[in-house]
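Here is a set of exercises to work through at your own pace. Try each task before you read its solution.

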Amino acid sequence: MALRVEGIVQGVGFRPFVHGLATRLGLAGYVGNDAAGVFAEIEGDPETVADFLSALGEQAPPLATVDRVTVEPRPCQGTAGFDIVASPRGGAASTLISADSATCDDCLAELADPADRRYRYPFINCTQCGPRFTIVRGVPYDRPLTTMAAFAMCAECAREYHDPADRRFHAQPVCCPACGPALELRRDGKPVPGDPISSTVDLLRTGAIVAIKGLGGYHLAVDARDDEAATRLRSRKHREDKPFAVMVPDLGHARDLCEVDDLAATLLTSRRRPIVLLPRGRRAVAEAVAPGNRQLGVMLPYTPLHHLLLGAVAGPVVLTSGNVSDEPIVYRDDEVEDRLGGIADAFLTHDRAIHIRTDDSVVRPFGGREQLQRRSRGYVPEPVITATGFPDHILACGAELKNTFCLAKDRHAFVSHHIGDLENYETLRSFTEGIEHFQRLFDIRPRIVAHDLHPEYLSTKYALERDELAAVGVQHHHAHIAACLADNGESGPVLGVAFDGLGYGSDATLWGGEFLLADLVGFERLAHLAPVPMPGGTAAIKQPWRMAAAYLDATFGAEVPETFANRPQWQNVVSLARSGVHAPLTSSAGRLFDAVAAIVGIRDTVNYEGQAAIELEQRADPTETGCYRAGLTGTDPVLIAGTELIRSTVDDLRRGVPTPVIAARFHNGIADVIIRTCGVLRKSTGIGTVALSGGVFQNLLLLRRTVQGLAACGFRVLTHSRVPTNDGGVSLGQAVVAATRC
Ligand code: ZN
Ligand code: ZN
Ligand code: FE
């Protein structure tokens with residue numbers, strides 16, 4: 001019979017697996033790779049062939065994901081033995097490429113074995129582990145189309161590569177100290193003699209900042225116990241407050257720093273090796289690593305180089321993305337010393353090129369599931385399988401901040417790696433080149449391009465410039481809710497609660513505190529936060545005190561408490577808000593959080609998006625049960641009076657209530673008004689399922705309170721898991737909405 005296996009079946013040891021299985025069962029035939037996946041011819045008696053087929057799914061190699069197996073009966077050719085045949089070139093590429101995978105246990109054992117020829121070799125890998133997506137330049141996934149093409153295999157490596165019984169059979173990045181990439185430590189533009197790893201460890205121990213080449217780009221490293229070094233890294237990188245992630249040698253060290261339950265341990269040790277956000281535990285890292293944060297982002301080593309380094313440091317190391325401020329992470333060797341020269345004291349680099357820039361992924365455990373905050377290395381380019389499918393090839397361009405794009409066909413949504421904020425040339429280039437790369441890799445020729453309604457987003461402009469494609473505009477918050485539906489394999493209708501910073505509304509105002517009756521086809525805006533002016537437009541995003549002024553003016557008018565009204569520029573901003581000139585109306589929940597953070601004195605200005613809200617959450621006392629109450633007025637739409645939350649905040653401030661209590665009561669008040677609004681809408685629509693989406697739900701305290709409260713009222717609640725709740729999930733939502741308009 002003829003067999004075809006589709007899914008992630010190349011570069012993961014699938015052919016040797018088929019070969020081994022068939023040989024064990026005494027079956028004859030052959031197996032090979034082509035652009036569509038794995039093909040095979042199997043000959044033998046029907047019972048043994050049936051055994052073979054059941055074992056095929058059950059015993060597949062760990063990195064494989066079998067999507068579909070198709071079988072076609074054929075007369076026996078009388079073949080003897082079982083062969084692995086060569087890959088034919090050409091054909092339509094539709095096979096899937098594996099994500100990069102952490103070093104496996106077998107390779108770790110060899111790495112630590114003085115008798116092994118790859119003892120302490122920082123590039124050891126095999127069919128089950130190592131770089132994949134980050135080194136692939138084209139399909140089929142074969143060495144000449146990876147960045148390993150530059151290295152000719154030595155005789156010993158070639159023997160392993162060609163031996164079906166070897167665990168490195170067709171491991172495309174296979175290499176050894178004799179033939180593969182080599183490590184180099186550079187300082188002042190020159191190589192440092194001696195062992196690069198022990199020299200790097202010495203540098204870290206003395207407080208130096210070292211740029212270290214990883215799988216998807218350069219990291220900047222300092223000893224996480226060294227407050228002075230971490231502080232210096234912050235100032236050189238122009239990253240004042242955003243927390244750094246740390247890498248620890250093993251799970252035991254992770255347990256020292258954080259509370260690690262079973263799910264957290266599974267996430268930390270998974271072959272995807274994301275940064276896992278966890279509650280801090282008994283032992284601390286330096287204050288400057290994640291100042292004022294109750295959580296810490298932790299990851300375990302995922303390359304052999306990390307294992308060697310962390311093993312020698314034997315403690316936590318800050319590993320933050322190698323960039324200045326908000327630029328994309330540096331991944332090219334020819335530009336690293338230029339771009340990071342002002343930050344790093346030394347560069348630990350090597351000559352295996354990174355083809356595509358890929359950041360670390362960020363996840364957290366929530367409600368017994370993994371919740372992606374940033375979906376990138378280790379996850380991409382695995383597709384999100386959707387329940388509804390795509391009748392045509394679709395490109396969805398995503399939003400502006402935390403951009404991802406998505407290319408979709410059949411049941412597969414290929415959501416891209418984290419591209420970043422589309423506000424500079426470098427990021428835009430990653431975006432356009434990424435789209436071209438994904439189109440080639442997955443043989444997707446889009447006919448439809450989905451985009452945000454915001455005319456100024458660079459992603460929208462790109463979409464509209466591709467005038468050979470049929471454009472479908474998808475409202476930002478509709479895309480958020482559609483993403484949440486697709487994430488959960490559902491199609492609605494639901495009550496969608498989309499709370500975020502800002503998104504362009506269908507009425508050309510800025511939305512962000514929305515209750516939508518939505519399915520994948522369309523939506524109706526049933527309720528939202530009562531709009532307030534955003535004085536100075538986008539200037540208010542960086543200066544939360546402007547939102548405080550707008551909200552206080554809307555709440556108290558001429559009666560604004562003097563403590564606020566006496567601040568410099570206050571009157572100017574209030575006049576701007578009242579004039580409506582350069583003060584667009586917004587129903588954004590994120591901006592309401594900003595206003596409260598500024599009113600209680602946490603932050604007047606911010607240096608990254610969402611910072612004020614994050615700090616308000618971090619200050620909130622999670623044991624406080626008191627709750628501010630916002631009224632609801634009207635029916636079509638229902639309007640939520642954010643000003644009433646502001647009034648309660650100011651009342652408590654005057655009474656001298658401590659900030660953590662006020663912050664908690666405000667959070668509880670937002671959860672409460674979401675729950676009550678959903679109650680009202682359930683009555684009018686008869687719909688009892690709620691989907692929560694938008695960046696505001698990265699707020700763990702709010703998300704917990706909201707989910708618990710909704711469940712207690714009998715709602716079924718959908719939250720994100722496979723794609724981020726923030727704008728990183730928007731491209732998936734756009735794609736599934738566009739699919740309904742094919
Ligand atoms: Zn391995
Ligand atoms: Zn070799
Ligand atoms: Fe958004």
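**Exercise 1.** Decide whether Val69 is buried, exposed or partly exposed, and find the surface patch that includes it.

*Solution.* Keep in mind that this is a predicted model.
- Step 1: locate the residue. Val69 sits in strand S4, which covers residues 65-72.
- Step 2: look at its accessibility. The relative accessibility of Val69 is 36%, so it counts as partly exposed.
- Step 3: look for partners. Val66, Val69 and Val71 make a nonpolar surface patch of about 190 Å².

**Exercise 2.** Classify Ala2 as buried or exposed, and list what it touches beyond its neighbours within four places in sequence.

*Solution.*
- Step 1: Ala2 belongs to strand S1, residues 2-8.
- Step 2: its relative accessibility is 12%; buried means under 20%, so Ala2 counts as buried.
- Step 3: once neighbours within four places are set aside, Ala2 is in contact with Ala40, Glu41, Thr70, Val71, Glu72 and Arg74. Val71 also appeared in the patch of the previous exercise.
- Step 4: for a distance along the way, take Gly29, which is 27 residues from Ala2 along the chain; their C-alpha atoms are 9.6 Å apart.

**Exercise 3.** Describe the site of the zinc ion (ligand 1): which protein atoms are its donors, and what is the geometry?

*Solution.*
- Step 1: find the donors. They are the SG atoms of Cys104, Cys107, Cys126 and Cys129, lying 2.3 Å from the zinc ion.
- Step 2: read the pattern. Along the chain, the donors follow the spacing C-x2-C-x18-C-x2-C.
- Step 3: place two of them. Cys104 is in the loop between strand S5 (82-84) and helix H3 (105-111), while Cys129 is in the loop between H3 and helix H4 (155-162); this pair, 25 residues apart, links distant parts of the chain. Both Cys104 and Cys129 are buried.
- Step 4: check the angles. The 4 donor atoms give angles of 104 to 116°, and the site is tetrahedral.

**Exercise 4.** Now do likewise for the iron ion (ligand 3): which residues coordinate it, and why is the arrangement called irregular?

*Solution.*
- Step 1: the iron ion is coordinated by His476 (NE2), His480 (NE2), Asp500 (OD) and Asp727 (OD), at 2.1 to 2.2 Å.
- Step 2: the spacing of these donors along the chain is H-x3-H-x19-D-x226-D.
- Step 3: His480 lies in helix H13 (residues 476-487) and Asp500 in strand S21 (residues 494-504), so this pair ties together parts 20 residues apart in sequence. Both His480 and Asp500 are buried.
- Step 4: the 4 donor atoms subtend angles of 87 to 170°, which makes the arrangement irregular. For a tetrahedral site, all angles would have to lie between 85 and 135 degrees.

**Exercise 5.** Where does Arg357 lie, and which parts of the chain does its salt bridge with Glu426 tie together?

*Solution.*
- Step 1: the side chains of Arg357 and Glu426 meet in a salt bridge, with 3.1 Å from N to O.
- Step 2: Arg357 lies in the loop between S14 and strand S15 (362-366), and Glu426 in helix H11 (residues 425-441), so the bridge ties together parts 69 residues apart in sequence.
- Step 3: Arg357 counts as buried at 7% relative accessibility, and Glu426 is buried with a relative accessible area of 19%.
- Step 4: widen the view. Arg357 and Glu426 are part of a network of salt bridges that links Glu327, Glu335, Arg339, Arg357, Glu426, Arg429 and Glu433.

**Exercise 6.** Examine the backbone at Pro381, Pro493 and Arg273.

*Solution.*
- Step 1: Val380 and Pro381 are joined by a cis peptide bond, with omega about 15°. Pro381 is in the loop between strand S16 (369-374) and strand S17 (384-396).
- Step 2: the peptide bond from Gly492 to Pro493 is cis too, with omega near 5°. Pro493 lies in the loop between H13 and S21.
- Step 3: Arg273 has a positive phi, near 45°, though it is a residue other than glycine. Its place is the loop between helix H8 (262-269) and strand S11 (275-279), and at 11% relative accessibility Arg273 counts as buried.

Key. Residues are numbered from 1 along each chain as its sequence is written. Chains are lettered from A and ligands numbered from 1 in the order in which they are written. This is a predicted model: local features need pLDDT of at least 70, side-chain atom pairs count only at pLDDT 80 or more; totals for chains, interfaces and linings use all residues. Side-chain values use heavy atoms; hydrogens and water are left out. Donors are N, O and S atoms within 2.8 Å of the metal (3.2 Å for Na, K and Ca); water is not among the atoms, so sites may look incomplete. Four donors count as tetrahedral if all angles lie between 85 and 135 degrees; four count as square planar and six as octahedral if opposite donors are over 155 degrees apart and all others between 65 and 115; anything else is irregular. Helices (H or I, at least four residues) and strands (E, at least two) are DSSP runs, numbered from the N terminus. Buried means under 20% relative accessible area, exposed over 50%, partly exposed in between (1.4 Å probe, protein chains only). Patches are made of residues with over 30% relative accessible area and no salt bridge: like charges are joined within 9 Å, nonpolar side chains (Val, Leu, Ile, Met, Phe, Trp, Tyr) within 5 Å. Accessible areas come from the Shrake-Rupley method with a 1.4 Å probe; for residues, only the protein chains shown count as cover. A salt bridge is a side-chain nitrogen of Lys or Arg within 4 Å of a carboxyl oxygen of Asp or Glu. Contact means heavy atoms within 4.5 Å.
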